[in-house]
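I opened this model to look at how its helices pack. My notes follow.

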Amino acid sequence: MTRNWATRCCSCCFNRAILDSDTPLQVKRKKMLIVACLTAAVSLGIPTLINLLFKGKFIIGLAGAVLVSFTTLMRLCIFRHQATESLMGQLVIAYCVCIILGDIRTQSGTESPVWPCFVIVVDLLLVLECRINLTLNVVILCVVWLLVVAIEKTFRFGLFDISLLTTSSADRLELCACEELPCTVGFSRAASEVGTQLLVFLLDFFFTRGFATAVLAEKNRILASIETANRIAVSLSRFDLESSATMLREAEIPDDLRSAFSSILRNLRSYKP
């Protein structure tokens, strides 16, 4: 039942957001954005409401992510002609801010950190073939943030003590026995933690980028082969054998297809009056 409801919601949003004039890449981006925003709005909205209604807590990072997801979904469905590239850029900036705000809260206590969400953002940017500058900016932001967290844990310059963003003192006292909360860690431990985090994050980035680049190159090669094969076929249908032979020599197409066109070209030459 839940799956049917989710499918109907996605289908409804697809019908509202996607235009007949959209390119295949635009359609792909809109579908991925709709699924991602719906998932984030529901999965983050429920705990936000629970914390607000039953615990009286308003978590800025969660609430911000829900608001950004819902707003983006509405913009996709209402402003259908808006360029997906600019919309994705604005969405990424807003999500990164929410991730940092959420991570400040979790790092101030003993909850699981939120910064791994940067990995999801980077992977989505790579899969959706966004500008490499945007992806690199997110990578740099994540690296800088991890270094800031490590420095704060070691030297405590006050970032985790901002009352509006962090876990309340009473809650932290129940979670941790340190005299000064959150617990200060030694330089070696902080360096080890940030080194491991950076290693995992950067390895994921390079592996995913390599995969996405290879897939994109293969897709472009296939599209180019189809276009070239179409032009050669049209030329052969007009019996323009010399032009066909020239295009065949210069074309970057699979060997089997080249062999088939060469065979057709030889046969047509033998029948040419």
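**Helix pairs**

I took one pair to begin with: α3 and α4 run roughly antiparallel to each other, because angles over 145 degrees count as such and theirs is about 165 degrees. The model is predicted, so I treat every value here as computed from a prediction.

I read off the axis separation for α3 and α4 (residues 84–107) as 8 Å. The crossing of α3 past α4 is left-handed. I then listed the contact: α3 gives I60, G61, G64, A65, V68, S69, T72, R75 and L76, and α4 gives L87, Q90, L91, A94, Y95, C98, L101 and G102. Sorted by class, the α3 contact with α4 holds 10 nonpolar residues, six polar and one charged.

I checked α3 by itself next. It covers residues 60–78, 19 in number, and spans 26 Å from first C-alpha to last, close to the expected 27 Å. I found G61, A63, A65, V66, V68, S69, T72, L73, L76 and C77 buried in α3.

I moved on to α5 (residues 117–127) and α6 (residues 132–155). Their axes come within 9 Å and cross at roughly 165 degrees; α5 and α6 are therefore roughly antiparallel to each other. I noted a left-handed crossing where α5 passes α6.

Which residues of α5 and α6 meet? On the α5 side I have F118, V121, V122, L125 and L126; on the α6 side, L134, T135, V138, V139, L141, C142 and W145. I count by class 11 nonpolar residues, one polar and no charged ones in the contact of α5 with α6.

Definitions and conventions: Residues are numbered from 1 along each chain as its sequence is written. This is a predicted model: local features need pLDDT of at least 70, side-chain atom pairs count only at pLDDT 80 or more; totals for chains, interfaces and linings use all residues. Side-chain values use heavy atoms; hydrogens and water are left out. Axes are lines fitted to C-alpha atoms, for helices over the stretch in contact, and angles run from 0 to 180 degrees between N-to-C directions. Helices (H or I, at least four residues) and strands (E, at least two) are DSSP runs, numbered from the N terminus. Angles under 35 degrees count as roughly parallel, over 145 as roughly antiparallel, 65 to 115 as roughly perpendicular and the rest as oblique. A crossing is left-handed if the near helix is turned anticlockwise from the far one by less than a right angle, and right-handed if clockwise. Contact means heavy atoms within 4.5 Å. Ala, Val, Leu, Ile, Met, Phe, Trp, Tyr, Cys and Pro count as nonpolar, Asp, Glu, Lys and Arg as charged, and the others, Gly among them, as polar. The expected span of a helix is 1.5 Å times one less than its number of residues. Buried means under 20% relative accessible area, exposed over 50%, partly exposed in between (1.4 Å probe, protein chains only).
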